[in-house]
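Dear colleague,

Please find below the structure I am passing on to you. My notes on what was found in it follow directly after.

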Amino acid sequence: MSIIRYVTGKTKLLGVIGNPISHSISPELHNTLSNYMGIDAVYVPFKVEREKLGDAVRGLKALNFKGFNITIPHKSNVIEYLDELSREASFIGAVNTVKIIENKLYGYNTDVDGFVNSFKEEAGTGFTNKKVAIIGAGGAARAIAIGVANEGAQKIFIINRTLSKAIQIRDIIISNIMPYKECPENIESFQLNDSACTEVLKLADIIINTTSIGMHPDIDCMPVPEHVEFNSNQIVYDAIYNPSKTKFLQQAENKGCKIINGLGMLIYQGIKAYEIWMDITVPKEIAREIFNEFKNYLT
Ligand code: ATR
């Protein structure tokens with residue numbers, strides 16, 4: 001018999017609350033991170049119903065958790081139980097990470113950094129002076145648009161089925177993020193239709209799908225009409241990671257584009273959450289190694 005010592009009275013406590021939660025890879029990711037970083041911490045998933053969300057948050061605080069993640073469907077509803085929000089979380093209106101310090105709850109949204117860091121890592125380039133088209137205007141689109149604007153894109157096009165939601169994102173960015181305050185014409189919103197897709201997408205250096213169109217099991221669907229042409233200089237990104245190559249990415253790859261799926265965003269948003277909880281920077285090489293391990297693990 002051997003004594004099991006991976007959780008002791010000194011171990012830092014972390015977790016994730018959501019519903020459903022059994023599919024989440026966050027426990028594997030964060031426990032792997034603790035192992036790599038040599039930090040004594042344990043991360044546990046909790047299935048929490050909507051009406052128990054307040055109890056769960058108060059419970060984690062009472063139990064001296066260091067922090068926790070929040071996933072679907074609680075990312076917006078959790079805000080009412082928090083003491084403070086980061087700028088990004090309040091622009092997005094959703095929190096995926098909470099840090100507990102001296103009995104106070106601080107909410108963050110790490111999707112912005114997760115997207116930007118993973119994109120730079122995988123594309124080998126950033127957004128400075130690039131024209132970027134974003135398809136969709138939900139929570140993921142907000143985070144991605146904020147990241148792209150923060151990083152100094154030259155022009156942003158937001159294309160969505162419901163035009164008012166695309167305009168809302170444009171307005172949030174113009175009121176809060178430079179350089180768009182000075183050049184509001186550099187961010188435009190469009191209704192998702194045939195002409196927007198053909199005209200606007202051909203102007204873009206980077207095209208990003210943030211909708212769920214094409215996600216498993218609807219793998220034959222595309223967020224843009226099938227006849228839309230890509231050109232080989234474009235980088236085409238899909239926030240979907242299941243399947244690892246959507247029809248949208250496949251079509252772009254056939255035209256010679258560099259393609260990237262959303263797995264990196266998932267892993268890097270988790271790494272950013274871990275950095276916030278532990279007040280550390282995970283070295284780039286370790287982040288890269290963990291990302292590559294998870295790529296193999298999940299495919
Ligand atoms: P998330 O938080 O993952 O971004 P979301 O907030 O539900 O999810 O946003 C999903 C986005 O995908 C929305 O922009 C939605 O368009 P609407 O704003 O018009 O609802 C878009 N979307 C989802 N299914 C779609 C479909 N079949 N056709 C066009 N757009 C779709």
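I begin with a pair of charged side chains: K120 and E151 meet in a salt bridge, at 2.8 Å from N to O. The term salt bridge is used here for a side-chain nitrogen of Lys or Arg within 4 Å of a carboxyl oxygen of Asp or Glu. Because K120 lies in helix α4 and E151 in the loop between α5 and β8, the pair ties together parts that are 31 residues apart in sequence. Helices (H or I, at least four residues) and strands (E, at least two) are DSSP runs, numbered from the N terminus. K120 is partly exposed at 35% relative accessibility, and E151 is partly exposed at 26%. Buried stands for under 20% relative accessible area, exposed for over 50%, and partly exposed for what lies in between (1.4 Å probe, protein chains only).

Please note that this is a predicted model, in which local features need pLDDT of at least 70 and side-chain atom pairs count only at pLDDT 80 or more, while totals for chains, interfaces and linings use all residues. Residues are numbered from 1 along each chain as its sequence is written, and side-chain values use heavy atoms, with hydrogens and water left out.

The count comes to 13 salt bridges. Another of these joins D113 and K272 (3.9 Å, N to O). This pair links distant parts of the chain, with D113 in helix α4 and K272 in helix α9 (residues 263-278), 159 residues apart.

Turning to the interior, the largest nonpolar core has 37 residues, and F115, F119, V148, I156, I173 and I208 are those with the most contacts inside it. A nonpolar core is a set of buried Ala, Val, Leu, Ile, Met, Phe, Trp, Tyr and Cys residues joined through side-chain atoms within 4.5 Å. Elements that each supply at least two residues of this core include α4 (111-123), α5 (139-150) and β8 (155-160). The most is given by α5, with seven residues. Domain 1 (12-109 + 264-298) and domain 2 (112-261) both give residues to this core, so it lies between them; the domain bounds come from an automatic or database domain assignment.

Leaving aside its neighbours within four places in sequence, F115 is in contact (heavy atoms within 4.5 Å) with F127, I144, V148, I208, Y237 and M265. Apart from this core lies another, of 22 residues, among them V16, L29, L263 and V282.

Yours sincerely
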